[in-house]
Amino acid sequence: MVHFVGAGPGAVDLITLRGERLLRTCDTVIYAGSLVNPGLLLYCREGCRVYNSAEMTLEQVISVIKDAEAGGGSTVRLHTGDPAIFGAVREQMDALDRLNIPWDVTPGVSSFSGAAASLGAEYTLPGVSQTVILSRIAGRTPVPENESLSSLASHGASLVLFLSSGQLPSVQEELLRGAYLADTPAAIVYKATWPEEKIIRCTVGTLRDAGEKNGIKKTALVLVGDFLGETYERSRLYAPDFATEYRKAAPE
Ligand code: SAH
C-alpha cells in the first residue's frame, strides 16, 4: 500500500497525527527533498529505506514503489504541504492504478495556511475579500492563458502565489495590470514555519525591491491583497443581532 502524505509546511510538528503514524511504520519513504524538512525522517523506524525524489524522475519513483510493494512493505510518498497543491500526485496515482497498486492520501497543512498563521492573517475578511486565489506565475511550467496572473489580478481578491518568488519583477508588473494598486499590501513569506522563516511585509509596488533586498529566490510565497491591510468589517456570524441555528439573536 502506498500512502501519499502531506508533510506540512516545514515545522516537524505540523504533520498530522495520521501522517506521523504512517511515517513511523512504513518500510520505504520517498520524500520531496527540495522542500520537505529532513527532520521528519527522524520519525522513520530504523531500517526504513529512504529516497529523495528531488533526484528522481516519475519513472524512477514508480519503479522504487513497485519494488517496495513487491516485497510486501508499505510506502510513504511524502510531499510538502498538502499533496493536492502543486504536488504532482495525480500522475503518480494514475501510474499506480495502472499497476494495480493501492494507495491513499493523508492531507497536510499547506504552506499557504502556514504563511497565514505566521502573518497572523485571515484571507477571507468580511468587506475585503471572500475569495482566495491560489496560483503561480507562468514559468517553465506554463499556465493556461485564461489564468494569466494579470487576469486573476483583475478580481483584487486575496491572492497566494506559489513557485513565483524567483520572478518578482514580472509578478509585480502583472499584478499592477489587474485591480491591485501600488500601495496594496503584500508579503513575501520565506520558509513559513521553518526555524529560518522570514516575513517581509511590503506593497505590490515594492515587491520586486523587497525580494531583491532580502535575497528571496525560492521557497517563498507571495501574498497579495487588502486582507493584509487594516480595514475590514466584523463578521455577521458573531454579531449579537445575527440569529443562527445555534444561537438566538440578542434583543435590541
Ligand atoms: N504542496 C505544497 C506546495 C508545493 S509547490 C503546499 O501545499 O504548500 C512548492 C512551492 O510552495 C514553493 O516554491 C513555495 O512557493 C511554496 N512553499 C512550500 N513550502 C513553503 C514554505 N514553508 N514557506 C513558503 N513557501 C513554501
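## Helix H4 and what its buried side packs against

The buried residues of H4 pack against S6, S7, S8, S9 and S10. Packing here rests on contact, meaning heavy atoms within 4.5 Å. Which residues of H4 are buried? They are Ser111, Phe112, Gly114, Ala115, Ala116 and Leu119. Buried means under 20% relative accessible area, exposed means over 50%, and partly exposed is in between (1.4 Å probe, protein chains only). Just after H4, Gly120 takes a positive phi of about 65 degrees.

A quick word on what you're looking at: this is a predicted model, where local features need pLDDT of at least 70 and side-chain atom pairs count only at pLDDT 80 or more, while totals for chains, interfaces and linings use all residues. Residues are numbered from 1 along each chain as its sequence is written, and side-chain values use heavy atoms, with hydrogens and water left out. Helices (H or I, at least four residues) and strands (E, at least two) are DSSP runs, numbered from the N terminus.

## The mixed sheet under H4

S6 to S10 make up an open sheet of 5 strands, in the order S6-S7-S10-S8-S9, with mixed pairing. Strand S6 (132–136) and strand S9 (198–203) are at the edges, and each has a single partner strand, so one side of each is left without a neighbour in the sheet. The twist averages 20 degrees from one strand to the next. Angles run from 0 to 180 degrees between N-to-C directions, using axes fitted to C-alpha atoms (for helices, over the stretch in contact).

Two strands count as paired if DSSP finds at least two bridges between them. S6 and strand S7 (residues 158–162) run parallel and are joined by 5 bridges. One pair to look for is Ser135 and its bridge partner in S7, Leu161. Helix H4 (residues 111–119) packs on this sheet, and its direction makes about 65 degrees with that of S10.

## The parallel sheet

There's another open sheet of 5 strands, with parallel pairing and the order S3-S2-S4-S1-S5. Why do S3 and strand S5 (103–106) each have one side without a neighbour in the sheet? They stand at the edges, each with a single partner strand, so that side is left free of a neighbour. Strand S1 (residues 2–6) pairs with strand S4 (residues 75–79) in the parallel sense over 5 bridges, and His3 stands opposite Val76 in S4.

Two helices lie across these strands. Helix H1 (residues 17–25) crosses S1, strand S2 (28–31), S4 and S5, running at about 135 degrees to S5. Helix H2 (residues 58–70) lies across S1, S2, S3 and S4, at about 170 degrees to S2.

## Asn52 in an edge strand

Now zoom in on Asn52, which is part of strand S3 (residues 49–52). Is Asn52 buried or exposed? Asn52 counts as buried because its relative accessibility is 18%. Its side chain reaches the backbone nitrogen of Ala54 at 2.9 Å. Leaving aside neighbours within four places in sequence, Asn52 is in contact with Tyr31, Ala32, Gly33 and Ser34.

## Around the ligand

Of the 18 residues around the ligand, Ile85, Ser110, Ser111, Ala192 and Ala220 come nearest. A residue is near if one of its heavy atoms lies within 4 Å. Ser111, one of the buried residues of H4, has a polar side-chain atom 2.7 Å from an oxygen atom of the ligand. A polar backbone atom of Ala220 is 2.8 Å from an oxygen atom of the ligand.

Terms used: Polar contact = N/O pair within 3.5 Å; in protein donor to acceptor, adjacent residues only side chain to side chain.
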